[in-house]
Number of protein chains: 2
Amino acid sequence: MIITKLLFLLFSFCFFATHILYLRFMNSFTSLSRQFEERFCVRHFPEEPGTLYDPAQYILGLGGKRVRPVCVLMGNELFGEIDPDAWQVATAIELFHNFTLVHDDIMDKAPLRRGMETVHHKYGESKALLAGDVMLVIAYDYLNRVKPAIAGRIIQVFNKSSREVCEGQQLDMDFESRDLVSMKDYLHMITLKTSVLLATSLKLGAILGGAGEGNQNHLYEFGKNLGIAFQIQDDYLDAFGDPDKFGKKTGGDILANKKTFLIIHALETATTSQHNELRELLNSNPFDKVEKVLKIYKDCKVDQWAKALKDKYLQTALQHLEDTAVLSLRKKPLMELAAYLISRES
Amino acid sequence: MIITKLLFLLFSFCFFATHILYLRFMNSFTSLSRQFEERFCVRHFPEEPGTLYDPAQYILGLGGKRVRPVCVLMGNELFGEIDPDAWQVATAIELFHNFTLVHDDIMDKAPLRRGMETVHHKYGESKALLAGDVMLVIAYDYLNRVKPAIAGRIIQVFNKSSREVCEGQQLDMDFESRDLVSMKDYLHMITLKTSVLLATSLKLGAILGGAGEGNQNHLYEFGKNLGIAFQIQDDYLDAFGDPDKFGKKTGGDILANKKTFLIIHALETATTSQHNELRELLNSNPFDKVEKVLKIYKDCKVDQWAKALKDKYLQTALQHLEDTAVLSLRKKPLMELAAYLISRES
């Protein structure tokens with residue numbers, strides 16, 4: 001009896017010691033970001049022809065938070081040691097993300113990206129278009145380096161997300177020319193355009209970490225809901241943020257007549273007179289447009305609604321992380337990620 | 001002794017009977033084209049959002065000779081029965097080819113494709129750009145259906161070619177703004193832009209058919225050289241073809257100041273006075289421009305040179321087919337392909 005108890009204690013000790021030792025070596029979000037950046041800041045393309053590959057390399061050099069590739073690594077590390085293939089998948093995800101930025105900037109005719117000239121502005125639209133194309137092809141080169149046993153599954157999940165990102169961008173453009181967009185449709189578009197890639201990055205990491213389907217899906221839902229919460233926060237801050245803390249002037253979305261969670265909710269809940277006033281403001285550009293729209297937002301309590309909605313999505317995200325069947329301690333880097341994304345003044 | 005001889009005869013009979021039986025069931029180029037078209041003329045995309053997927057389906061509906069996907073099937077059938085995966089790869093190749101057409105047409109600002117409106121002309125540049133993107137992603141969906149044992153190799157070969165096609169398109173655009181392009185550079189560009197995909201289609205078929213590396217490469221070289229011969233013929237016919245047989249007015253390339261095998265060779269071999277006259281003609285648009293350029297071509301014997309060069313590449317192609325280690329009889333469909341591509345009035 002004593003021997004059984006001793007053996008049980010010894011087994012328990014070994015089990016926890018291994019886990020604690022492992023946890024000591026788990027990477028924080030910041031550490032993984034740094035490690036990824038170090039590996040990623042190389043030339044990913046041949047030297048020649050420079051007219052094709054230099055524009056592609058240019059956008060990668062503009063930096064960015066590298067949140068999505070780090071999600072691949074964190075999704076992997078939640079379930080086990082980082083698989084060398086995870087670096088390939090993370091690179092593919094970052095190349096894909098940058099490919100979408102280059103093409104989206106052409107479609108949006110955007111002059112600036114991360115404070116620098118957009119690719120099409122610097123090199124011309126044709127070069128930007130083709131640079132984007134070749135980045136997508138090279139993303140698949142990285143995916144194709146994954147061990148054959150899981151490469152098919154990885155590409156399948158990656159492809160589903162890639163299609164959805166294209167669908168999201170198209171819906172976004174469709175909505176621009178529409179007066180009325182329902183909250184349901186807008187949420188669907190935002191999910192496809194911005195959340196799906198974050199969710200997919202985490203899921204790909206989970207697959208690389210050997211997670212079961214249940215855990216893969218929980219991680220996907222964590223990323224998806226976190227992405228939506230982030231977007232609501234972004235819309236909120238653009239209207240109500242403290243410019244000193246937010247880093248840019250508020251009201252940009254209002255001046256650009258951009259569809260946001262706020263305007264759609266306001267149009268759906270305003271009184272008839274507020275609705276008419278909003279419509280009139282959308283169709284004109286008075287000097288006090290921002291001020292007037294913000295007043296309607298406040299009157300309709302859009303600010304409180306947005307905060308509550310953001311919290312709802314954040315809580316749903318955290319619940320999915322909670323429901324992921326691994327030791328709570330291992331979830332710390334993903335909690336850090338959530339805090340990092342939803343930490344701005346709100 | 002007699003028994004040994006009888007056994008040998010029986011063995012030989014069985015061997016040849018199997019092959020002849022197999023050859024009877026081998027498909028001709030026309031039959032494979034028809035079979036591919038039947039399978040391919042379905043909707044390859046989801047219904048929604050139609051704003052994204054309808055433009056993609058539109059270009060596929062414009063037809064085309066489907067030469068590249070049929071090359072996958074023929075490359076496969078040269079070495080064995082058609083593998084079900086070959087249909088997936090053939091579809092991927094045709095989707096990729098159409099993706100390049102959509103994006104090239106945007107870059108070239110082309111209003112027509114196969115006598116119909118180009119995608120960007122019909123739907124707008126943004127929709128065309130995004131439709132092209134999603135076609136490329138869906139091409140990888142088809143590639144990803146190939147059995148895992150060879151999917152990695154298939155994607156690797158496909159990707160190399162895809163990168164090269166992008167390089168070819170970029171070089172083509174670079175050359176447009178250059179006065180002088182050497183024959184070597186032009187040949188390199190044409191190889192990347194038009195021949196590599198034909199060659200790759202055949203090679204992918206060979207891989208699917210279980211061919212060894214030597215045979216894969218022979219088939220690749222067959223396709224590459226055939227593609228170059230086809231391009232030389234195309235340039236030749238645009239200048240010297242019989243409009244009734246060629247199907248369009250000659251001199252189009254001359255009027256568009258397009259770089260062709262003919263103009264590059266003429267500039268490289270003309271006398272100083274012919275060279276100066278050509279340069280002057282390139283920088284102006286007199287009513288008799290075509291006539292005058294053609295006269296210089298004739299004086300420099302560019303027509304004879306082009307015919308000889310086309311024959312040289314065609315012979316190199318056929319030699320590679322000859323060197324492919326399979327029964328000559330099985331090469332018939334590929335001989336048909338060569339005849340089909342290089343059969344126009346020249």
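A crossing of two helices is called right-handed if the near helix is turned clockwise from the far one by less than a right angle, and left-handed if anticlockwise. I start my notebook with that, since I looked up handedness more than once. One more reminder before the entries: this is a predicted model.

**Entry 1: α5 against α8 in chain A**

I put the definition to use straight away: α5(A) passes α8(A) in a right-handed crossing. I then looked up the geometry, and the two axes come within 12 Å and cross at roughly 20°. Angles under 35 degrees count as roughly parallel, so α5(A) and α8(A) are roughly parallel to each other.

Next I wrote down who touches whom. From α5(A) I have A:V89, A:F96, A:T100, A:D104 and A:M107, and they meet A:I154, A:S162, A:V165, A:Q169 and A:M173 of α8(A). Sorted by class, this contact has 6 nonpolar, 3 polar and 1 charged residues.

**Entry 2: α5 against α7 in chain B**

I moved to chain B and took helix α5, residues 84–108, with helix α7, residues 125–143. Their axes are 8 Å apart and the packing angle is about 160°. That angle makes α5(B) roughly antiparallel to α7(B). Which hand does this crossing have, left or right? I found that α5(B) passes α7(B) in a left-handed crossing.

The contact list took me a while to copy. On the α5(B) side I noted B:Q88, B:V89, B:T91, B:A92, B:L95, B:F96, B:N98, B:F99, B:V102, B:H103 and B:I106. Facing them in α7(B) are B:E125, B:A128, B:L129, B:A131, B:G132, B:M135, B:L136, B:I138, B:A139, B:Y142 and B:L143. By class, I get 16 nonpolar, 5 polar and 1 charged residues for the contact of α5(B) with α7(B).

**Entry 3: α5 against α9 in chain B**

I stayed with α5(B) and looked up its packing on helix α9, residues 183–208 of chain B. The axes come within 10 Å and cross at roughly 165°. Angles over 145 degrees count as roughly antiparallel, and α5(B) and α9(B) are therefore roughly antiparallel to each other. The crossing of α5(B) and α9(B) is right-handed.

Here B:D85, B:A86, B:V89, B:I93 and B:H97 of α5(B) meet B:L197, B:S201, B:L204, B:G205 and B:L208 of α9(B). I sorted the residues of this contact into 6 nonpolar, 3 polar and 1 charged. I underlined B:V89, which is listed in the contact with α7(B) and also in the contact with α9(B).

**Entry 4: how the two chains relate**

I asked what turn lays chain A on chain B. A turn of 180° with a shift of 0.0 Å along the axis does it, with an RMSD of 0.1 Å. That is the relation of a two-fold axis. The same surface serves both copies, as 100% of the contact residues of chain A recur in chain B. I also checked which residue of chain A comes closest to the rotation axis, and A:P148 does, with its C-alpha at 3.3 Å.

**Entry 5: where the chains touch**

I noted 31 residues of chain A in contact with 31 residues of chain B. On the chain A side, α3 (50–60), α5 (84–108), α7 (125–143) and α8 (148–176) each supply at least two residues. Which helix gives the largest share? I found that α8(A) does, with 15 residues. By class, the side of chain A that touches chain B has 16 nonpolar, 10 polar and 5 charged residues.

**Entry 6: chain A as a whole**

I looked up 17 helices and 2 strands in chain A. Along its principal axes, the C-alpha trace spans about 80 × 55 × 35 Å. A compact globule of 346 residues would have a radius of gyration near 20 Å, and the 23 Å of chain A agrees with that.

**Entry 7: backbone oddities**

Most residues other than glycine have a negative phi, and most peptide bonds are trans. With that in mind, I went looking for exceptions. The peptide bond from A:E48 to A:P49 is cis, with omega near -10°, and A:P49 lies in the loop between α2 (29–40) and α3 of chain A. In chain B, the bond from B:E48 to B:P49 is cis too, with omega near -10°, and I placed B:P49 in the loop between α2 (29–40) and α3 (50–60) of chain B.

My last note is on B:K109, which is not a glycine but has a positive phi of about 50°. I found B:K109 in the loop between α5 and β1 (112–113) of chain B.

Notes:
Residues numbered from 1 in each chain as written. Chains lettered and ligands numbered in written order. Predicted model: local features only at pLDDT ≥ 70, side-chain atom pairs only at ≥ 80, totals over all residues. Least-squares fit on C-alpha atoms with pLDDT ≥ 70 in both. Contact = placed C-beta atoms within 7 Å. Axes fitted to C-alpha atoms, helices over the stretch in contact; angles between N-to-C directions. Helix = DSSP H or I, 4+ residues; strand = E, 2+ residues; numbered from the N terminus. Parallel < 35°, antiparallel > 145°, perpendicular 65-115°, else oblique. Nonpolar A, V, L, I, M, F, W, Y, C, P; charged D, E, K, R; others polar. Rg over C-alpha atoms; globule rule 2.2 N^0.38 Å.
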